[in-house]
Structures are given as structure tokens and as C-alpha cells.
Amino acid sequence: MSYVALLSGGKDSCYNLSHCNANGHQLVAAATLSPQSGKDEIDSYMYQTVGQDAIEFVARALEVPLYRRAIQGDPVEQSAEYGSRSAGGAGVLGDETEDLYTLLEHVKAHHPDVQGVSVGAILSNYQRVRVEHVCRRLSLTPLAYLWQRDQAELLSEMIAAGIKSVLIKVAGIGLTVKHLGKTLNEMQDTFTRLNSLYGLHICGEGGEYETLTLDSPLFKHRIVLDETEVVMHTDNEFAPVAYLRVKRASLHPKESSSTYGRVEVPALLEDRFGELKNVVENSVLGGYENISGCTYEPINRSHRIPDHPSTHTIGSWLAIGNIHPNPSLDSEIPLEEQVRDCFIQLQGILESHDLRMEDVVNITLLLPSLALKVFAAANKAYAEFFGVSPPSRACVGVDLPEGVGVMLECVARKGNTRRALHVQGLSYWAPANIGPYSQAITVEPYVFVSGQIGLLPPSLTLPSPSSLALETALVFQHTDRVIRAANTAGSHVLLSLYWLVDDADTIHIRRACETFCEETPTLFLVVASLPRGARVEKQVLVHTGIFTVPDEDEDMFTQVSRTPEFLSGDIHAERTQISRAADFLSGDVHAECSMTASSEMVLGSTRPSILNWQISRFDMSPQCVVICARGRPSQEDAIELGKIPSLCAFWEIALSARLFYRVDADFSSGWSLVSRVLFGDRVMPATTSIPCRFIGTRDSGERWDWAVALVGVS
């Protein structure tokens, strides 16, 4: 695509141009924001303003037109988000970000073919969020190939590629006036040493220094600083603030024999995910048989239309399940209208609980197909209800009941101080969102991660030719990177859902889980289709592991970090098999559980499983529970399940339930019986019924008739 360079003149903005070029994009113009006349530098949260007296030489070296605008605004909105979470929100009046909007709008008027904007952001969410907000409003794509890169590796790559940048400002401990004018190559050892001593950001992401680029692989000429002047801003013995004022500069021919210019594109997969890819490849080549023993054949979907939306509240949390178009609507109306109807219902339910759309943290959207036209139509209507930082989301195509064109379920929290990871630019990091959703929403202690598919981040395309091994490795890597970027505290996956389109792939994904040592409650769910034609989508719920507890005097509170444990087992009508016998030892019965543990426990039973359970918990407090069933569990099975001490404390805090059922199996009576026994007179969690073609678990080859994934909050 044709793009404009958002140019500061520094090393990052110039090196990103080389990666734009390596990815096939064409530079047509440069744009910059500078202090008003008479000012060398201003205190901007968004822009590098020092060195603006030489920026024209950078554009001339690139041989592209330069568009400039003086910064009129101030950093009015200084929070992590920019703009409103309400649909249709614009920018913030008087904010310096709006100067960027005006500048790029001017560029588009002169270059209507421009589709992208090169951005040199590495770590700054503050800058990234605002640039992406402007780009979204102007239908531009941010190109941010340095985003989330390791700074030490990145600096070495810049030097090796021939980025000749000099320090024009110092403002970090250990940096002094004598370092002004030094090149990156000359300063690399110093940066590394200061990073070790004081935590200085090697690429200056903490504002420790600024640079001016004199040469780069894309420059047609090199810049020479003929006359400079040192300006001392703050004279401090340990961390002075000083900068170079460029008084005269000139362009000179580049040396044709230069060996620089090779841009190193980072490996698609980290080593551990490359190993995981090999495991899946070997599994596929090994010719392992379809574990389900059959191939799905379309059947008459005569199963009943789901109930009216169900809701459940626990404290400030609200879960809403089984939202589908009003039965009075004509089933032939366009999908967009059906999606709108669902969200209008959602708005009404939220308002009845004193909540708004901005309080929604996660949504599961179920469509009859994810063909491109269907996906685009659903996203168009969906986007009308959200502004900045929309909820995280999983979107899958399922065999919906006759007459139902769309279903959704959601979780919301009142008054939440949530943090969104909503990355919209192309990079090497992980895929930009391909719809109106955030990659992750953190409402401590939980992190709701959107479903991840195996897109190639720089192009947002699936591997070609199709490769289950590469898609799977990318899905695992994307999920890992999103979790790390979304949360700085501990990160413990409590629940994993793998959406697939072919049950024959289940065994290979299971081997990937084994390689990655995943022990969390897990389901493999085969559905009709996934976004972009993907073969696998991974969705996880994460807990920080941080708990606030009373201190020893119990008059103050302190935060402690805990690690979850994972338990699982099988229930039979007469005998019980569990994977942790200690859970049934004398005295390990929860106080709220009136039932006693069965003494008829036979470890290693070979009888076919009727009920399977998996839990993730901290201490004795369960957080997520998965129950699977084959056949028709008896009341005795359900009672036996209810006796398990690890589960007794859970039913009071169960907020939501996703009930997965095979469309060719009778599930309603089995789940109804089990749920009545487990919940008794308690309020049931908000339940959403999701049809699947195959249901599997991590440790069993069973073809389950139904499974329920329950999430609790406390």
C-alpha cells in the first residue's frame, strides 16, 4: 500500500520505513508536527520535537514531499485511553492528538491514494493508542513494525542495517553533554551498561535520549551537520537535560559501495513455538487416525430454539447468555438487522442493571457462517455499538437452530477500571484486530483474551499453502504475546477453549498442548467455520494470581501472589476415578458441603467415563470448572459429582455457563438433571447453549455428548 511517514527524524521512525519497504509498501510523503515558531522544543507527550530544525533535510534525503504543522493543542487527555468508549466518539477538543488528525487529513487531500501511516513506536501505548485513533477515523492503517520488539536486538539491527543516527538530546541518568553528537554505534556499549546499572531503556523508550538520523537504507542522500550548538536545559550532575540545536546542515551523495542496507526481518516464530510447530507437523505426518471415529454429516437442525436471555449477577459482575433475535422478527431479514436487534436487547438488559455498553468486557458472537460477506456484515452492525477499547471477543460459525441467525453472550462489570489492549496496526508482534474488538481486556484479577487465529501479523493473512502446524504455532504464540502485553502481573491461564473446523485435527492440537505442558481445563470444540477460513482458534481466560489479603494484624491489607492448581477426574454411577486421590482424604470436605465423600473409589478404573470434571483453583477456591458427559448421566452420577470437595465451594460463585452440545446428541435431559442436583435452590449461572459437531478434552479420547464451561468470580 502507499503510505505516509510520520517522521520525527529519529532512529525509530526512519528504521520503520525500511521495514515498510521490506513488506512491499510504497513511501509517497512524509509528515511531521513541530513546535510553534520561535521554540526549539516543547513538553509534548506525543511527539519528538527536538531536532525539528533538521527535519526538512530528512525528507529531502528521502526525496519525498514533507507536510508540516505546528502543534496547537496540549496533552489534554492523558489517560491510557483516548476518546470515548461510546459508539461514534471523535477526538478530544484541544488535545495535541487532534493536530495529527488535521495534518494527516491534509496529506490525504493531496495524496488520496495513501492507505497507511508509518509509526516508529516500540513500547509507548500512549503514542500508539492516539495514532491508531486518528488512523481509524481517517481509514488509514498504522504500520508499526518495531512494536514490542526487544530493544537490545532492535538497536543492533539498526546499526547493522546502516542507520546512522546521532544523539541530539540527553535526559537520562548516566548520559551527559559529551554524548551529544555520538552515533548509535559509538553509544551501544554505554546504553547496555546503563541498562544494567539503572534500567535505562536501550532504545530510549523512557525518554532518556533522542536522535537525529543522518543516513539510512532508504535515504537517497546522507545528511551532514555543518554547525550545531549545545543548549543546556537543566544542569544536573547525574542526569543533565541538554540538546543540540542544528544551525546548518547539508546533503551529500551516498557512497555507492556501502555494504549497509540489509533489513533483518525477525523470525516468524520464537524458538519454543518453532518446536511446537515441528511437533504438530510430525503428528500430522504420522497419520494419526481421526479420534472421533466418524466424519460429521449435516443433519436436520431441529433442536429447540434457546430460551430467552438468561442473566446472573454476583456483586458488580453481570453475565448474560442466550441473546438471540426477537422471535417476532422475520427470519429472512438481513444479518445486520439481526445483530442490531441482539445488541438492542443487550443494551436494555444492561440498563436494567444500571450498566452501559462500555461496561461489557467480553463477548462470544455466534453466527451461522463466517463467509467474508457474513463476517463483514456482522462487524458493520457490531461496530455501531462500541467506541474505543471495545470488549474482547470470540467469533465462531456454528450450526444454529432453525430460525436463529445470530446469538451472543457477554460478561460485564459495573464501574470497572478496565485496561484494554486494542492494537490496530500491522507489525511482527501479533495480529491487529480484524473486527471491532480488543485483543484483551483486563479487569483485575482477570484478563479476558480474544480468540486468536493463526494469521501472519505483517499481512493479516493465513499461511499459504494451508498448514495446521504453522497455524497452531502462531495461535499459541499470539495468545502468549497478547497475555504478556496485556498484563504486567502474573499470568495464569484458567480455561482454554480450542475452536476447530475438523475433528481430525483435535489429536494434533492435543499434542501441541502436551508439548506446551498445558494443564488448565481445556475443551476442543468443532464448529462450522472460523474467521478468515482458519483451522483453529484459541480463547483463554487468565488470572493475575494477585490476591488482596489481611496482614497479620488484620487491620491492613497486603497483596500476595498465588499459583493455581489443576485437578480432574471421572465420575461413574458406581465407581469414581480421579487424578488426585488426596482430594478425597479424610477432613478434606468443604464446610458448606453436606455430602460426604464416597468410599467406593477405585483408581485406574477402566469403565467408560460418564461424567468428566476439570477445575482450576487457587488454594481451595475454584475459579473455572469444566464438566463433560457421555450418554445420560444418572442422578447418582450427579450426586457423586456434587460430593467432590474441590467443587463444593464453586456453585455459589458460578457466574456464567457455556453449554456446548453435539447437534446429533440428546443433551437437554442430561444437563437439566445434573444442573438441578449441583445448583439446587441456588440461582443458575447465565447459560448460553452452543451447538458443536464434536467435543473433546485434553486427557481423553472420548467423544462427549455435551460439556459445560463454568466461570466463577469471587
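Tutor: Let's start with the cut-offs for exposure: a residue is buried under 20% relative accessible area, exposed over 50%, and partly exposed in between. The model we are looking at is predicted.

Student: Why does proline 368 count as partly exposed?

Tutor: Its relative accessibility is 39%. Partly exposed is the class between 20% and 50%, so proline 368 counts as partly exposed at 39%. You will find proline 368 in the loop between strand S12 (360-367) and helix H9 (372-383).

Student: What is proline 368 in contact with, leaving aside its neighbours within four places in sequence?

Tutor: With Val398, Leu400 and Gly405. Contact here means heavy atoms within 4.5 Å. Leucine 335 is 33 residues from proline 368 in sequence, and the two C-alpha atoms are 9.7 Å apart.

Student: Why does arginine 693 count as partly exposed?

Tutor: Buried would need a value under 20%. Arginine 693 has 22% relative accessibility, so it counts as partly exposed. This arginine sits in the loop between strand S29 (686-692) and strand S30 (694-697). In space, arginine 693 and valine 527 are 5.6 Å apart from C-alpha to C-alpha, with their positions 166 residues apart in sequence.

Student: What makes aspartate 354 exposed?

Tutor: The cut-off for exposed is over 50%. Aspartate 354 has a relative accessible area of 53%, so it is exposed. Its place is the loop between helix H8 (335-352) and strand S12 (360-367).

Student: And what is the phi of aspartate 354?

Tutor: About 60 degrees, a positive value, although aspartate 354 is not a glycine. Glutamine 148 also has a positive phi, near 65 degrees, and is a residue other than glycine. Glutamine 148 belongs to the loop between S5 and helix H5 (151-161). With 30% relative accessibility, glutamine 148 counts as partly exposed.

Student: Which residues form a nonpolar patch on the surface?

Tutor: Ile173, Leu197, Tyr198 and Phe238, and together they have about 440 Å² of accessible area.

Student: How do you know that isoleucine 173 counts as partly exposed?

Tutor: Its relative accessibility is 37%, so isoleucine 173 counts as partly exposed. A residue in a patch needs over 30% relative accessible area, and 37% for isoleucine 173 is in keeping with that. Isoleucine 173 lies in the loop that runs between strand S6 (164-170) and helix H6 (184-198).

Student: Let's turn to the sheets. In what order do the five strands of the open sheet stand?

Tutor: The order is S3-S2-S1-S4-S5, with parallel pairing.

Student: What makes strand S3 and strand S5 stand at the edges?

Tutor: Strand S3 (66-70) and strand S5 (141-143) each have a single partner strand, so one side of each is left without a neighbour in the sheet. From one strand to the next, the twist averages 25 degrees.

Student: Why is S4 said to pair with S5?

Tutor: Two strands pair if there are at least two bridges between them. Strand S4 (residues 116-118) and S5 have three bridges, in the parallel sense. One bridge partner to find is proline 142 in S5, for valine 117.

Student: Which strands does helix H2 lie across?

Tutor: Helix H2 (residues 55-62) lies across strand S2 (26-34) and S3, and its angle to S3 is about 160 degrees.

Student: In what order do the four strands of the other open sheet stand?

Tutor: The order is S7-S6-S9-S8, and the pairing is antiparallel. The edges are strand S7 (209-215) and strand S8 (221-234), because each has a single partner strand. The twist averages 25 degrees from one strand to the next.

Student: How many bridges do S6 and S7 pair over?

Tutor: Six, in the antiparallel sense. Serine 165 stands opposite threonine 213 in S7.

Student: What kind of peptide bond joins glutamate 444 and proline 445?

Tutor: A cis bond, with omega about 15 degrees. Proline 445 is in the loop between strand S16 (440-443) and strand S17 (446-449). The bond from serine 464 to proline 465 is cis too, with omega near 0 degrees.

Student: How much of the whole chain is buried?

Tutor: Buried residues make up 56% of its 714 residues.

Technical notes. Residues are numbered from 1 along each chain as its sequence is written. This is a predicted model: local features need pLDDT of at least 70, side-chain atom pairs count only at pLDDT 80 or more; totals for chains, interfaces and linings use all residues. Side-chain values use heavy atoms; hydrogens and water are left out. Patches are made of residues with over 30% relative accessible area and no salt bridge: like charges are joined within 9 Å, nonpolar side chains (Val, Leu, Ile, Met, Phe, Trp, Tyr) within 5 Å. Accessible areas come from the Shrake-Rupley method with a 1.4 Å probe; for residues, only the protein chains shown count as cover. A salt bridge is a side-chain nitrogen of Lys or Arg within 4 Å of a carboxyl oxygen of Asp or Glu. Helices (H or I, at least four residues) and strands (E, at least two) are DSSP runs, numbered from the N terminus. Buried means under 20% relative accessible area, exposed over 50%, partly exposed in between (1.4 Å probe, protein chains only). Axes are lines fitted to C-alpha atoms, for helices over the stretch in contact, and angles run from 0 to 180 degrees between N-to-C directions.
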